Amino acid sequence: MPPLRVLVTSAEVAPFAKTGGLADVTAAIGRYLHKAGHEPRIVLPLYKRVRLSGLALEPVPGLQEIPMQIGGRRVVWSAWSAPLTKSAARAWFIRCPDFYEREGIYAADGDEHVRFAFLTRAALESCQHTGWAPDVVHAHDWHTALAPLYLRTIYAWDKLFAPTRTLLTLHNNAYQGNFPLAALADVDLANERHLLWQEDVQRGSFSFLKSGITYATALSTVSRTYAKEIQGDELGMGLQGLLKSRDDHLFGIVNGVDYDVWDPAIDARIPHRFTPQDLAGKARMKAALLKRMELPPTERAPVLGIVSRLTAQKGFDLLHESLTVFLRREDLRLVVQGSGEERYERYFEWLASTFPDKVAYRKAYDEDLAHWIEAGSDLFLMPSRFEPCGLNQMYSLKYGTPPIVRRTGGLADTVAHWNPRTGEGTGFVFDDFDAHALAGAIESALRAWRDPAQWRRLQQNAMAQDFSWERQILRYVELYRRLPAL
Ligand code: ADP
Ligand code: GLC
């Protein structure tokens, strides 16, 4: 079968621009598509922070100083490229200082809709300028979800896109890109109101994500359970009706793990490596982590790790009535890295000052420390309220750090509850979103921890799990190939 040309458009691609798992996934899709012999074109903005990072960028021939009219405004853009990590595939960065010379990846300047509509259009126009007809435009989350609608409207005249089908992957329905109707003109859709979700239009707004859900050839989410959950009232976040109407075009493909980056046997970011056969390096990593976090050493007490964006999604509201109680009572350590909503940052600061010998908190965003925490902790905590897929629990499994997770979304699909009688299971899973249920899971984890034979078996089970992208990318390729028939 001929290789596929896939245009991947995303606000985040690791390691260049990342706030969460979206970046890991788009980078992996690019890398593994290329490895499988396909032709991915990965397009993201040239954010100021990428430009200043010292990354060696090369100008893309034929894509320099290209003018574009967007929302009645004339801008000029160029494309620059750099290789993806450990790959011959290249990411293309759209340089347009008007939109991307800002401090962060996301901005609160009131033109977020234009910044990402522009990205989508520049990615599509890069195809036109280079005569490169994509088989698939693979959009991710709300930022690039206008691609299917743009292909039906602004670019409908261009035969280059005649074979092009679209896939929109929903990584997180909590972010929908909703804007007032007046902003339609800024993204050149003022004449297309009739194509939008009419209930929104009547309320005076429109949604990037809903337009993508409506017009993409197919939709995917990053786990099978989340694909079901978002069709219900509890996690539909207002999209359930629309998603239900597209049920036969909605697929769940669990994220993979990039084991070139996340494998304790070869991880370049940690000082002590280890394998399932020889866990001595893990014990050394635990000691090194505690030292780095300025906590007293211990072999006996388990270290719980957290690496996370601190948002309501991640379920940390449950900790106050569960984990705090354990911290008072038990010999435990807790190591947390994360930033986000102030109330959670304050909670972890309070925990660290209340239990200075047990809890350490870093507000930083530090890739190295993330690897250290995965490697040096004994348990990983992810009590999410909802979790489209989640990557950290899969990283934890590989690092012999059984995760404590809530049975939701991708957590339900990737972690099996430990059963001491049968010796099966890879972590600790609780059902209800309440502190009591989480406390029960922590209790089970501590019980297993106290029995070295059980613990060893659990760790071996966890480390034997395989969520490699080599396999998961084939699910995407199968879906891409089915698109023309959908
Ligand atoms: P989400 O995308 O919802 O944030 P995931 O579990 O899919 O959740 O992915 C989170 C990714 O972001 C992981 O690669 C994790 O290591 C990383 N991450 C999150 N917070 C931090 C942080 N403070 N420092 C370093 N890495 C982080
Ligand atoms: C989102 C989700 C997370 C998922 C990630 C990558 O940010 O919150 O669960 O793993 O996207 O798909």
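1. Buried area is the accessible area, found with a 1.4 Å probe, that two parts lose on being put together, summed over both. In this predicted model, domain 1 and domain 2 bury about 1,500 Å² between them. Carbon and sulfur atoms account for 53% of that area.

2. The two parts in question come from the domain assignment of the protein, which gives domain 1 as 5–256 + 470–485 and domain 2 as 280–466. Taken over C-alpha atoms, the centres of domain 1 and domain 2 are 33 Å apart.

3. Where the domains meet, 21 residues of domain 1 are in contact with 18 residues of domain 2. Ten residue pairs are found in polar contact across this interface, with both residues at pLDDT 80 or more. On the side of domain 1 that touches domain 2, the elements giving two or more residues are helix H1 (21–35) and helix H8 (224–229). H8 provides the largest share of that side, with four residues.

4. The count of salt bridges between domain 1 and domain 2 is one. Separately listed is a salt bridge between the side chains of Lys-18 and Glu-367, at 3.4 Å from N to O.

5. Turning to the interior, the largest nonpolar core has 138 residues. Those with the most contacts inside this core are Ile-29, Trp-77, Phe-118, Leu-168, Phe-206, Ile-213 and Tyr-480. Helix H4 (residues 112–130) is the element that gives the most to the core, contributing nine residues. Domain 1 and domain 2 both give residues to this core, so the core lies between them. A second, separate core of 37 residues includes Leu-323, Tyr-347, Leu-438 and Leu-458.

6. Phe-206 deserves a separate entry. Leaving aside neighbours within four places in sequence, the contacts of Phe-206 include Phe-179, Pro-180, Leu-181, Leu-184, Val-187 and Leu-196. Gly-177, Asn-178, Ala-183 and Asp-200 are also in contact with Phe-206.

7. Helix H14 (residues 367–376) is mostly covered, with eight of its ten residues buried. The buried residues of H14 are Leu-369, Ala-370, His-371, Trp-372, Ile-373, Glu-374, Ala-375 and Gly-376. They pack against two helices, H11 (280–292) and H15 (392–398), and against strands E13 (303–310), E14 (333–340), E15 (359–362) and E16 (379–382). At the N-terminal end of H14, Asp-366 acts as a cap, with a side-chain oxygen 2.9 Å from the backbone nitrogen of Asp-368.

Terms used. Residues numbered from 1 in each chain as written. Chains lettered and ligands numbered in written order. Predicted model: local features only at pLDDT ≥ 70, side-chain atom pairs only at ≥ 80, totals over all residues. Heavy atoms only, no water. Core = buried A, V, L, I, M, F, W, Y, C linked by side-chain atoms within 4.5 Å. Buried < 20%, exposed > 50% of the residue type's maximum accessible area, 1.4 Å probe, protein only. Domains from an automatic or database assignment. Contact = heavy atoms within 4.5 Å. Salt bridge = Lys/Arg side-chain N within 4 Å of Asp/Glu carboxyl O. Polar contact = N/O pair within 3.5 Å; in protein donor to acceptor, adjacent residues only side chain to side chain.
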